[in-house]
Amino acid sequence: MDTATIMILRPMKNGDPTYWTYQWGQKAVNIARSLGYKVIDIQKESCSYENVSDAIKKYQPKLIASFSHGCVNSLQGQKTCMIAKKYEINEIVDMALSGDQDKIKIASRILDPLGYISNLDTIKSCQLNGDPCDLYCLYPTNVELLSGKIVFTTACFSAAGLGRCAIANGAYSYTGSQDLFLFPIDSMGSQDMYGNIQLIGLKELLLGHTVAEAEAKM
């Protein structure tokens with residue numbers, strides 16, 4: 001029997017929450033390898049749109065775990081999006097005016113992810129230059145690469161839009177946050193305790209349990 005392959009995505013910046021989620025990702029790598037999985041560990045500067053897209057196509061992992069930033073339409077890497085759902089402006093307007101509360105929430109989070117309207121004059125193609133969620137991603141949509149995959153993320157907002165889009169494009173499951181993903185950082189190591197809770201859920205998935213079972217265990 002062939003060894004199943006999983007992929008861990010873990011950008012890391014000093015003075016940033018990814019400094020800690022990167023370490024959670026290392027624990028995830030260790031857990032997966034201890035369970036006999038082949039692990040594709042993509043780190044730091046390698047967490048780019050091009051590298052991640054190429055690696056998914058090449059290795060076809062059964063599960064992708066992203067310990068990273070995110071927004072309603074992307075999982076974000078070191079400097080660019082890694083996985084992106086491109087929303088055209090007419091799509092956003094249609095969602096905002098649809099009368100469907102779920103679609104209105106998605107449009108609101110794209111336009112105003114942290115409670116303020118993004119400066120449209122400074123929007124660039126998913127470059128992480130202060131704004132955690134640029135309105136546009138100018139890269140081609142690559143969310144279809146998640147088809148047939150189990151996706152596990154610690155990224156803010158991504159389950160609200162990208163997750164739904166991933167499922168619509170054939171992803172087996174998508175675990176993540178629909179809102180801000182916040183955790184404390186202190187001298188008692190609260191950040192590690194919070195990370196370990198996430199790792200319990202991931203390990204349950206690697207053991208073959210369902211998403212509902214993994215969430216219940218968490």
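In what order do the three strands of the open sheet stand, and is their pairing parallel or antiparallel? The order is β4-β5-β6 and the pairing is antiparallel, where strands are DSSP runs of E with at least two residues, helices are runs of H or I with at least four residues, and both are numbered from the N terminus. The model is a predicted one, in which local features need pLDDT of at least 70 and side-chain atom pairs count only at pLDDT 80 or more, while totals for chains, interfaces and linings use all residues. Residues are numbered from 1 along each chain as its sequence is written, and side-chain values use heavy atoms, with hydrogens and water left out.

In this open sheet, β4 (69-71) and β6 (81-84) stand at the edges, and because each has a single partner strand, one side of each is left without a neighbour in the sheet. The twist from one strand to the next averages 15°, with axes being lines fitted to C-alpha atoms (for helices over the stretch in contact) and angles running from 0 to 180 degrees between N-to-C directions. Three antiparallel bridges link β4 with strand β5 (residues 74-76), two strands being paired if DSSP finds at least two bridges between them. Within this pairing, His69 is set opposite Gln76 of β5.

His69 and Gln76 also appear in the lining of the second largest cavity, together with Pro11, Met12, Lys13, Asp16, Thr18, Ser68, Gly77 and Gln78. On a 1 Å grid over the protein atoms alone, a cavity is a set of points where a 1.4 Å probe fits but cannot get out, a pocket is an open set with protein on both sides within 12 Å along at least five of seven lines, and lining residues have an atom within 4 Å of a point. The structure holds two cavities of 30 Å³ or more, and the second largest has a volume of about 30 Å³, a volume being the space filled by probe spheres set on the points, which are joined across faces, edges and corners. Its lining divides into two nonpolar, six polar and two charged residues.

From β6 the path leads to Met82, which lies in that strand and counts as buried because its relative accessibility is 0%; buried means under 20% relative accessible area, exposed over 50% and partly exposed in between, with a 1.4 Å probe and protein chains only. Leaving aside residues up to four places away in sequence, Met82 touches, among others, Leu9, Ser53, Leu75, Gln76 and Asn142, contact meaning heavy atoms within 4.5 Å. Ser53 belongs to helix α2 (residues 49-59) and is buried at 5% relative accessible area; beyond four places in sequence, Ser53 touches Met82, Asn142 and Leu145.

Leu9, one of the residues that Met82 touches, leads to strand β1 (residues 5-10), where six of the six residues are buried, so the strand is largely enclosed by the rest of the structure. Both of its faces are covered, with Thr5, Met7 and Leu9 buried on one side and Ile6, Ile8 and Arg10 buried on the other. Strand β1 runs parallel to strand β2 (residues 38-43), to which six bridges join it, and Ile6 has Val39 as its bridge partner in β2.

The second largest pocket has a volume of about 210 Å³. Of the 14 residues lining this pocket, the closest to its centre are Tyr37, Leu63, Ile150, Leu205 and Gly208.

Conventions. Nonpolar A, V, L, I, M, F, W, Y, C, P; charged D, E, K, R; others polar.
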